[in-house]
Amino acid sequence: MFMNDRTQTFTLPIRTADGEFLARYSAEGLCALDFPSGPKAPASTPDPNPAPVPPHVRLWHALTVKALGRALAGQAAGRLPPLDLSCGTKFQQTVWQALSQITCGRNSSYSQVAHAIGRPKAVRAVGAACGANPIPVLVPCHRVLASDQGLGGFSAGLDWKRTLLAREGVRLAA
DNA sequence: CCCTAGCGGTGCT
DNA sequence: AGCACCGCTAGGG
């Protein structure tokens, strides 16, 4: 083989009441989920020359659509497509893995996650890893709060974080 | 309340 | 190697 085995990825839109998300798929599974871009998020420009979407990707996408719909409604996401987290470092993947185990309606803190992965002092690094999470909502980085019960940060904007938490019924201090 | 020091991972030089 | 970021935290005014 030459080195031209381009790892083809597919980007598929998901229309929701909150705007149009974009799901990206690698050969291994869902590798990214993007929040609606603009404030009003007009429909994405259709690809003028779209590559055909393979059946297995369609299947993954169906799972993603369903899971996202439930997650946005504040319910457990249910079955997910395979996740491709290989874009992250070992540390980040460990963190993202830990995030996935925080169940709907519950929450954690950066410090707790740091302890959970056996690096109790890597608290700040955990925060940075959360910010690098390529699959927000489904990998629920929004459930991680500051230890003083503050909101902490959220790369897509704190409004999203507040909204997601509110919908799953998480009660915030203050 | 604010301020600070200390922390660990990551990316850039 | 060094350095400057960071979705942080605990401790001290």
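**Note on a predicted protein–DNA model**

1. Helix α4 makes the greatest contribution to the surface near DNA strand C, supplying 5 residues; here a residue is near a strand if one of its heavy atoms lies within 4 Å of it. Helices are DSSP runs of H or I with at least four residues, strands are runs of E with at least two, and both are numbered from the N terminus. Both α3 (110-116) and α4 (123-131) provide at least two residues of this surface.

2. This is a predicted model, in which local features need pLDDT of at least 70 and side-chain atom pairs pLDDT 80 or more, while totals for chains, interfaces and linings use all residues. Residues are numbered from 1 along each chain as its sequence is written, chains are lettered from A and ligands numbered from 1 in the order in which they are written, and side-chain values use heavy atoms, with hydrogens and water left out.

3. In total, 15 residues surround DNA strand C, the closest being Tyr110, Arg124, Gly131, Cys141 and Ser147. By class, this surface has 7 nonpolar, 6 polar and 2 charged residues (Ala, Val, Leu, Ile, Met, Phe, Trp, Tyr, Cys and Pro count as nonpolar, Asp, Glu, Lys and Arg as charged, and the others, Gly among them, as polar). Sugar or phosphate accounts for 39% of the strand C atoms within 4 Å of the protein, and bases for the rest.

4. Base atoms of DNA strand C are approached by both backbone and side-chain atoms. A backbone N or O atom of Gly153 is 2.9 Å from a base nitrogen, and one of Gly131 is 3.5 Å from a base nitrogen. The side chain of Ser155 places an N or O atom 3.2 Å from a base oxygen.

5. Around DNA strand B lie Thr89, Phe91, Gln92, Arg119, Lys121, Ala122, Arg124 and Ala125. Of the strand B atoms that come within 4 Å of the protein, 76% belong to sugar and phosphate. An N or O atom in the side chain of Arg119 lies 3.4 Å from a phosphate oxygen of this strand. The surface near DNA strand B comprises 3 nonpolar, 2 polar and 3 charged residues.

6. Gln92 belongs to helix α2 (residues 90-99). Its side chain reaches the backbone nitrogen of Thr89 at 2.9 Å. Beyond neighbours within four places in sequence, Gln92 is in contact (heavy atoms within 4.5 Å) with Ala129 and Ala132.

7. In helix α5 (residues 158-167), the buried residues are Trp160, Lys161, Leu164 and Leu165 (buried means under 20% relative accessible area, exposed over 50%, partly exposed in between, with a 1.4 Å probe and protein chains only). They lie on the same side of α5 because they cover an arc of only 125 degrees around the axis, taken from the directions from the helix axis to the C-beta atoms. This side packs against β2 (19-25), α1 (55-72), α3 and β5 (144-145). The face turned away from it carries the exposed residues Asp159 and Ala166.

8. The whole structure contains 4 salt bridges (a side-chain nitrogen of Lys or Arg within 4 Å of a carboxyl oxygen of Asp or Glu). One of them joins Arg167 and Asp18 at 3.0 Å, N to O; Arg167 is in α5 and Asp18 in the loop between β1 (10-16) and β2, 149 residues apart. Arg167 is partly exposed at 33% relative accessible area, and Asp18 is partly exposed at 27%.

9. Another salt bridge pairs Glu168 with Arg143 at 2.7 Å, N to O. Glu168 lies in the segment after α5 and Arg143 in the loop between α4 and β5, so the pair ties together parts 25 residues apart in sequence. Glu168 is buried at 10% relative accessibility, and Arg143 is buried at 8%.

Terms used
Polar contact = N/O pair within 3.5 Å; in protein donor to acceptor, adjacent residues only side chain to side chain.
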